[in-house]
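Thanks for coming, everyone. I've got one structure to walk you through today, so let me put it up on the screen.

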Amino acid sequence: MPTVWLAPVAALFGLAIGSFMTVVAARVPAGESVVAPRSRCPRCGAEIRNRDNIPVLGWVLLRGRCHNCGERISARYPLLELSTAVLMAAPFFVYESIWVACAVSALLALMPVISVIDLEHRIIPNRIVYPALIAFPIYLVVANLFGAPVDLVRMVIGFVAYGGILFVVALVSRGMGMGDVKLAALIGLVLGSLSLGQVGVAAGAAIVLGALGAVVALARGAGRKGAIPFGPFLAAGAVVAALWGVQIADWYQRTFLHI
């Protein structure tokens, strides 16, 4: 495929984006700026040195501890950087159109940080979702004008269908928040521009994975009324649909609908 050669570039770029996402994950829920001040150790206040800010490698060389006071640095940071890099590179192995691969890569770059924030704070910040809901339609319209294989009508249908279904669920359920609704709308918007089947796969995968997550949580002693954040499952469903959605949708149609 003609976009495969861009995968290593996307991976390197993804490491840098992932490093920035660690800042987003720490500061956005607190309402802080993601630009200033420089990152510091939460225990001793020492600034993170430039060489220690190298994604993944900096954490490894520091052996997961602050260079000044020895405070342990969570493995969340390199894992967030690595997952962002992998997810940004993966679409370039799947899609032939550079326009499409870049759109999906950008969408998947948001999934790890949104999952981390939702797991830790039970929110999906508007500061992440709203700019994305503005930027992606503009990008897809431009891509369509340049002949990219994206469908703007399906984009709108995906946005309304996935977001609308979860909006109804949020109205009748206490376990669904509006952040989930907006994230679903964003996923439906981007994947819908490619294929409505992929939107269906994203929703189906999120439901299945969410059910499995609930079973595991109950098995570990979580109460029935304990809130389980759904954002990570929406994100996981988006990843499954973006990378394997076409094949899964085709298999489902052949097996169950006999199309």
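Let's start with an odd one: glutamate 81 is buried yet has no salt bridge. By buried I mean under 20% relative accessible area, with exposed being over 50% and partly exposed in between, using a 1.4 Å probe and protein chains only. A salt bridge here is a side-chain nitrogen of Lys or Arg within 4 Å of a carboxyl oxygen of Asp or Glu. The nearest side chain of opposite charge to glutamate 81 is arginine 76, and that's 9.8 Å away. For charges, Lys and Arg count as positive and Asp and Glu as negative, while His and the chain ends are not counted.

Before I go on, this is a predicted model: local features need pLDDT of at least 70, side-chain atom pairs count only at pLDDT 80 or more, and totals for chains, interfaces and linings use all residues. Residues are numbered from 1 along each chain as its sequence is written, and side-chain values use heavy atoms, with hydrogens and water left out.

Back to glutamate 81, which sits in helix H3, residues 76-89. Helices are DSSP runs of H or I, at least four residues, strands are runs of E, at least two, and the numbering goes from the N terminus. So what does glutamate 81 touch, not counting residues up to four places away in sequence? Gly14, Leu15, Gly18, Ser19, Thr22, Pro55 and Val56. Contact means heavy atoms within 4.5 Å.

One of those partners, valine 56, has its own quirk: a positive phi of about 65°, although it is not a glycine. Valine 56 lies in the loop between H1 and H2, and counts as buried because its relative accessible area is 19%. Proline 37 is in the loop between helix H1 (7-27) and helix H2 (57-61), and the peptide bond from alanine 36 to proline 37 is cis, with omega near 0°.

There's a positive phi at arginine 122 too, about 60°. That residue is in the loop between helix H5 (98-121) and helix H6 (126-145), and arginine 122 is partly exposed, at 47% relative accessible area.

Glycine 221, in the loop between helix H9 (196-219) and helix H10 (231-257), counts as exposed because its relative accessibility is 61%.

Zooming out, the chain has ten helices and zero strands. Buried residues make up 43% of its 259 residues. And of the contacts with a separation of 6 or more, 68% are between residues 24 or more positions apart.
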